[in-house]
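Please look over the sequence and the model shown here. A report on selected features follows the display.

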Amino acid sequence: MDSDSCSGGPVWLIPLRELDADARAIQLGAVAELELAPGQERFVGDPLRMALAGLAEEARRPYVIEWAGAAVGLLTLQAGAARLAGWPDDHSAWLLRGFLIDRRHQGAGLGTCAAAAAAEAAHNLTVRHQGGESGVVLSVNEANPRAAAAYRRAGYVDCGQYTGGAAGPQRTMFRAFDGTPAA
């Protein structure tokens, strides 16, 4: 489990893949209760479906975002899929996808803390599995400036426009593990 401190306590990333069946079922129940803000469904999918898809595919690592003892969001790290965010290759970065904070907890800085914790978790996965990734890449819709600002505060650098997203133009953003900007 990885954490990053926010006001009110740390944000924890709970790795669904590493839990036993009972603990995973409890976390999936909490994920099913997450709510999207109006209009957010165009940027992310149904939280429970995203978590289940993450568990079904070996390259994906779904995490429940926990804060103050409750599930407040979800994110997935995926290996070998960085081009889906407009990155030049698939294997030099983890893809951060399906990132959401429950509508009842938005605006408290939890997204920024969780995005930073995701980079830490991806770095730990790279070290553990001796991968070649140098950071985390994501794409954020240009119509979602609050999310882009949260990613910037978490250390992600805007690497340019990506037009491959289904919901319109995106910005490709990258955070290197060692804190250096994208090449």
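The sections below cover salt bridges, aromatic pairs, the largest pocket and two single residues.

## Basis of the report

The structure is a predicted model. Residue numbers run from 1 along the chain as its sequence is written.

## Salt bridges

The salt bridge count comes to nine. One of them joins Arg-104 to Asp-102, with the closest N and O atoms 2.6 Å apart. The two partners are placed differently with respect to the surface: Arg-104 is partly exposed because its relative accessibility, 45%, falls between the limits of 20% and 50%, whereas Asp-102 has a relative accessible area of 0% and is therefore buried.

Arg-171 takes part in a salt bridge with Asp-158, and the N to O distance there is 3.0 Å. This pair links distant parts of the chain, since Arg-171 belongs to strand E8 and Asp-158 to strand E7 (residues 157-162), 13 residues apart. Asp-158 is partly exposed, at 34% relative accessibility. Elsewhere, salt bridges with shared partners join Glu-35, Asp-102, Arg-103 and Arg-104 into one network.

Arg-171 also meets Glu-142 in a salt bridge, at 3.2 Å from N to O. Strand E8 (residues 170-176) holds Arg-171, and Glu-142 sits in the loop between strand E6 (135-141) and helix H4 (145-153), so this pair ties together parts that are 29 residues apart in sequence. Arg-171 is partly exposed, with a relative accessibility of 26%. Glu-142 is likewise partly exposed, with a value of 35%.

## Aromatic pairs

How many aromatic pairs does a search of the whole structure find? The search finds three. In one of them, Trp-87 and Phe-174 are stacked, with 4.5 Å from centre to centre and 15° between the planes. Trp-87 is in the loop between strand E4 (70-78) and E5, while Phe-174 is in strand E8, so the pair ties together parts that are 87 residues apart in sequence. Trp-87 has a relative accessible area of 14% and is buried. Phe-174 is buried as well, at 4% relative accessibility.

Phe-99 and Tyr-151 make an edge-to-face pair, with 5.7 Å between centres and 70° between the planes. Because Phe-99 lies in strand E5 and Tyr-151 in helix H4, the pair ties together parts that are 52 residues apart in sequence. Both Phe-99 and Tyr-151 are buried. Together with Tyr-156, these two residues form one aromatic cluster.

## The largest pocket

The largest pocket holds about 1100 Å³ of space. Its lining has 44 residues, and those closest to the centre of the pocket are Phe-43, Val-44, Phe-99, Asn-144 and Tyr-151. Phe-99 and Tyr-151 are thus named here as well as in the edge-to-face pair.

Which elements supply at least two residues each of the lining of the largest pocket? Strand E5 (94-101), helix H3 (110-129), E6 and H4 each do. By residue class, the lining of the largest pocket divides into 23 nonpolar, 16 polar and five charged residues.

## Two single residues

Ala-51 is part of helix H2 (residues 47-56). Is Ala-51 buried or exposed? With a relative accessibility of 0%, Ala-51 is buried, because that value is under 20%. Leaving out residues up to four places away in sequence, Ala-51 touches Leu-16, Leu-28, Val-31, Pro-62 and Leu-74. Pro-15 is 36 residues from Ala-51 along the chain, and the C-alpha atoms of the two are separated by 11 Å.

Pro-38 lies in the loop between helix H1 (21-32) and H2. At 80% relative accessibility, Pro-38 counts as exposed, because that value is over 50%. The C-alpha atoms of Pro-38 and Arg-103 are 8.5 Å apart, although 65 residues separate them along the chain. Arg-103 is also one of the residues in the salt bridge network with Glu-35, Asp-102 and Arg-104.

Key: Predicted model: local features only at pLDDT ≥ 70, side-chain atom pairs only at ≥ 80, totals over all residues. Heavy atoms only, no water. Salt bridge = Lys/Arg side-chain N within 4 Å of Asp/Glu carboxyl O. Buried < 20%, exposed > 50% of the residue type's maximum accessible area, 1.4 Å probe, protein only. Helix = DSSP H or I, 4+ residues; strand = E, 2+ residues; numbered from the N terminus. 1 Å grid on protein atoms, 1.4 Å probe; cavity = no way out; pocket = protein on both sides within 12 Å on 5 of 7 lines; lining within 4 Å. Points joined across faces, edges and corners; volume = space filled by probe spheres on them. Nonpolar A, V, L, I, M, F, W, Y, C, P; charged D, E, K, R; others polar. Phe/Tyr/Trp six-rings, centres within 6.5 Å; stacked < 30°, edge-to-face > 60°. Contact = heavy atoms within 4.5 Å.
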